[in-house]
Amino acid sequence: MRSLLFVLSLICFASQTALSWKKEEFRSCDQTPFCKRARSRSPGACSLIASDVSIADGDLVAKLLPKIANQSDEEQIKPLVLSLSVYADGIVRLRIDEDHTLNPPKKRFRVPDVVVSEFDEKKIWLQKVATETIAGDAIPSSVIYVSDGYEAVVRHEPFEVFVREKSGDRRRVVSLNSHGLFDFEQLRKKAEGDNWEEKFRTHTDSRPYGSQSISFDVSFYDSSFVYGIPEHATSFALKPTKGPGVEESEPYRLFNLDVFEYDHESPFGLYGSIPFMVSHGKSGKTSGFFWLNAAEMQIDVLANGWDAESGIALPSSESRIDTLWMSEAGIVDTFFFVGPEPKDVVKQYASVTGTSAMPQLFATGYHQCRWNYKDEEDVAQVDSKFDEHDIPYDVLWLDIEHTDGKRYFTWDSALFPNPEEMQKKLAAKGRRMVTIVDPHIKRDDSYFLHKEATQMGYYVKDSSGKDFDGWCWPGSSSYIDMLSPEIREWWGGRFYYKNYVGSTPSLYIWNDMNEPSVFNGPEVTMPRDALHVGGVEHREVHNAYGYYFHMATSDGLVMREEGKDRPFVLSRAIFPGTQRYGAIWTGDNTAEWEHLRVSIPMLLTLGLTGITFSGADIGGFFGNPEPELLVRWYQVGAYYPFFRGHAHHDTKRREPWLFGERNTELMRDAIHTRYTLLPYFYTLFREANVTGVPVVRPLWMEFPQDEATFSNDEAFMVGNALLVQGVYTKGTTHASVYLPGKASWYDLRNEKTYVGGKTYKMDAPEESIPAFQRAGTIIPRKDRFRRSSSQMDNDPYTLVVALNSTQEADGELYIDDGKSFEFRRGSYIHRRFVFSNGVLTSTNLAPPQARLSSQCSIDRIILLGHTSGPKSALVEPLNQKAEIEMGPLRMGGLVASSGTKVLTIRKPGVRVDQDWTVKVL
Ligand code: NOJ
């Protein structure tokens with residue numbers, strides 16, 4: 001019976017993969033009672049008022065009570081507990097929960113392990129609360145200090161919380177409950193006759209604790225657009241989902257799900273959830289709001305005029321964007337970020353949830369994946385073809401078929417009899433391997449992992465307390481309970497070489513299906529009434545399950561090398577904090593032009609919300625890309641922070657050499673472009689690691705005042721220096737490119753200069769997509785072609801100096817050993833290059849104790865936009881002359897090789913780790 005069911009479920013699953021997205025498999029807001037209830041509430045419905053305000057433990061604390069107690073329903077009128085805390089750099093945290101001293105039926109779930117421990121050190125201990133009567137109010141509001149420029153206000157009646165500027169007209173920044181939509185469904189004891197079950201399709205959710213949802217409105221002031229709240233396949237600037245002029249739309253859903261062939265334009269929630277929204281407006285100011293909650297969330301962006309009937313008039317109503325946040329469970333644990341610059345907001349968010357882990361250098365190169373590379377011979381062939389075709393790559397990936405019957409940590413002994421040898425052969429060329437390890441464990445009594453997990457009681461339980469049993473790739477499966485720190489540690493131990501037989505130090509890990517995906521579960525996931533350690537219901541922790549799995553795997557890789565090797569783990573599910581554990585990708589996209597296009601807003605959104613190490617499957621996972629699409633995808637993908645080609649097993653093979661010599665040449669050139677830029681990417685990853693500022697950024701992050709950039713999501717910045725415009729249409733050889741700001745831009749294909757602030761129709765022949773270097777910047781490159789990133793370790797650098805109108809430029813270069821954690825102990829090089837008054841100067845940016853040396857030299861200095869015609873350069877302190885000649889802008893580049901020559905200082909003979917000057921004579 002079981003196997004029949006399994007076959008049926010697989011047939012059903014396989015047919016899903018062949019068709020497009022099956023909407024009816026998933027709940028709409030109307031089919032989700034808490035969402036439907038919250039969405040139908042009217043502004044002003046909230047009857048709570050804040051009272052009993054005081055200071056306790058450095059926080060403002062208060063009670064939230066109904067204004068008029070409803071005596072007939074005592075259960076509903078328990079006061080809620082509010083606390084408001086302030087942190088350095090303009091962060092306000094608002095928490096609202098039930099009062100535990102009043103014995104609610106259960107403690108509501110507070111998400112642990114997301115807020116970094118250092119965040120506590122930023123707390124500003126409040127000493128006093130000021131009062132102020134807002135015009136028209138019967139009772140005064142409480143006002144607290146946030147920073148020199150900002151203060152927070154708790155308005156008592158009607159209840160509202162907002163942050164505002166202190167000076168001028170005391171402009172509001174972000175507010176909560178300004179429209180009185182706050183609602184907190186308190187836990188109740190079940191009375192006789194209560195039926196709390198919810199049904200969806202064939203599934204019944206027992207909901208033993210009944211309704212416990214929370215909803216509220218959040219307003220962003222001075223706002224032209226809001227962004228963020230991944231993961232959705234939609235535009236970067238979020239479109240309104242409700243209100244005048246909006247056709248019937250679902251709210252943006254945040255519920256981690258395994259969605260096959262997702263639509264390229266939909267507010268439907270995909271594999272991950274980051275409830276962090278960013279607003280940006282004409283004033284150039286940015287603010288943010290984050291709700292730490294792991295239950296299902298739905299968010300409406302409300303169209304202008306949605307509240308026309310409400311009679312609620314807000315100050316500074318102009319350019320305000322209102323939003324409605326709804327969650328099934330959890331508590332209110334929210335953060336307001338004041339900005340005011342775009343980079344301030346991402347830094348503020350990063351100070352709460354952490355910055356991005358520093359990847360190993362190899363992980364920033366090209367990854368070759370397919371479901372599946374069949375056997376060791378296939379692996380060897382693919383590997384050697386890369387060399388034969390002179391295409392660099394760093395990592396070869398093995399999908400689920402490499403295992404013995406989808407038992408992770410095992411190998412199919414017929415197909416992969418010598419896994420260690422296979423990895424060693426790759427490692428000899430400086431290449432790595434990645435294998436897949438999913439969270440569903442085959443329920444097979446002879447499988448060591450299942451035996452141990454069962455004996456130890458390490459599985460998630462179903463609502464009756466038995467080990468949860470669901471269908472996934474291996475058939476009947478159970479799921480490790482990753483919420484428990486003890487179980488996570490045990491899981492981490494599975495990666496010791498002695499436990500993962502056949503693994504070697506060059507093997508890294510891919511965590512897939514960790515939403516978690518359960519083929520026969522409601523909405524292809526785990527039932528909400530399944531139970532985790534401590535009696536936590538799955539509904540409360542759902543969106544964080546994959547995060548804990550990713551964390552445990554990543555920590556396991558650190559353990560196996562005793563903390564000496566940086567982990568690399570790719571995850572599909574995401575949650576705030578994921579950035580600390582590894583890379584992510586956007587799941588099962590399709591080989592269509594629109595999927596190529598939407599990859600950019602998706603990656604921009606992920607970067608803005610902390611997860612910068614992200615990429616989309618190059619070529620599209622489902623379907624067979626025509627060669628032109630594949631080539632364009634490689635050209636755009638070469639700038640994705642995470643750069644991996646991947647394909648479904650039903651698709652035709654599509655390694656870069658399979659489409660004729662010309663297409664191979666084009667894809668090779670795209671991959672080479674990425675490899676030449678690795679020093680720049682690595683420097684940007686370090687910036688992300690220190691500050692939280694993403695590698696790939698929206699244009700407005702660099703040009704906050706330039707309105708023309710606010711909704712542009714077809715072009716993107718790589719760091720502050722490079723602007724890339726993708727080509728997303730078949731048969732196009734032109735692209736319309738907006739170049740922002742006042743400075744000029746250099747076309748990296750031919751050195752042509754364009755002034756900023758205009759849209760240009762650019763040539764985009766098949767050789768490349770438009771890419772520009774911003775005047776006033778310096779980009780470090782390595783131009784020699786090698787097999788993989790590690791083969792480039794000792795190669796010399798090229799500096800591309802793009803001069804601005806005052807003949808100045810600057811840039812940075814970060815170098816470390818590319819693999820260990822020694823950089824944390826100061827083992828790194830960080831240089832600043834400044835060109836000014838005809839002199840290029842290299843100075844140290846690292847603290848004095850930083851100590852790493854490098855024999856690498858600077859081989860070429862390319863000067864773009866130099867106005868005089870210098871003949872030579874003087875290098876100090878060597879006191880040597882270097883030749884200046886015309887040279888290629890890019891070695892071997894398809895466009896550059898057709899003739900563009902630029903001013904080049906050849907072999908200045910300086911080392912990358914030292915102070916020097918090169919003076920143009
Ligand atoms: C689903 C993943 O999204 C896809 O990338 C992978 O190839 C398959 N699972 C098989 O593991």
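These legends accompany close-up views of a predicted model with a ligand and two annotated domains.

**View 1. The shell around the ligand.** Welcome to the ligand site, where 13 residues surround the bound molecule. The closest are Asp 399, Asp 512, Arg 572, Asp 588 and His 646. By residue class, the shell divides into 8 nonpolar, 1 polar and 4 charged.

**View 2. Polar contacts to ligand oxygen atoms.** Here we pick out three side chains, those of Asp 399, Arg 572 and Asp 588. For Asp 399, a side-chain N or O atom is 2.5 Å from an oxygen atom of the ligand. Arg 572 places a polar side-chain atom 2.8 Å from a ligand oxygen atom, and for Asp 588 the corresponding distance is 2.4 Å. The ligand on its own has 300 Å² of accessible area, and the protein covers 98% of it.

**View 3. The cavity that holds the ligand.** Now look at the space itself: the ligand takes up the second largest cavity.

**View 4. The annotated N-terminal domain.** An unreviewed UniProt entry lists residues 82-300 as "domain: Glycoside hydrolase family 31 N-terminal". In the model this span is 36% strand and 0% helix. Its end C-alpha atoms lie 24 Å apart.

**View 5. The annotated C-terminal domain.** Our last stop is residues 692-779, which UniProt, again in an unreviewed entry, annotates as "domain: Glycosyl hydrolase family 31 C-terminal". Strand accounts for 41% of this stretch and helix for 5%. From end to end, the C-alpha atoms of residues 692-779 are 20 Å apart.

Note on methods
Residues numbered from 1 in each chain as written. Predicted model: local features only at pLDDT ≥ 70, side-chain atom pairs only at ≥ 80, totals over all residues. Heavy atoms only, no water. Near = heavy atom within 4 Å. Polar contact = N/O pair within 3.5 Å; in protein donor to acceptor, adjacent residues only side chain to side chain. Areas by Shrake-Rupley, 256 points an atom, 1.4 Å probe, with all protein chains shown as cover. 1 Å grid on protein atoms, 1.4 Å probe; cavity = no way out; pocket = protein on both sides within 12 Å on 5 of 7 lines; lining within 4 Å. Sits in = over half its atoms within 2 Å of the grid points. Nonpolar A, V, L, I, M, F, W, Y, C, P; charged D, E, K, R; others polar. UniProt positions renumbered as here; feature names shortened; annotations may be inferred. Helix = DSSP H or I, 4+ residues; strand = E, 2+ residues; numbered from the N terminus.
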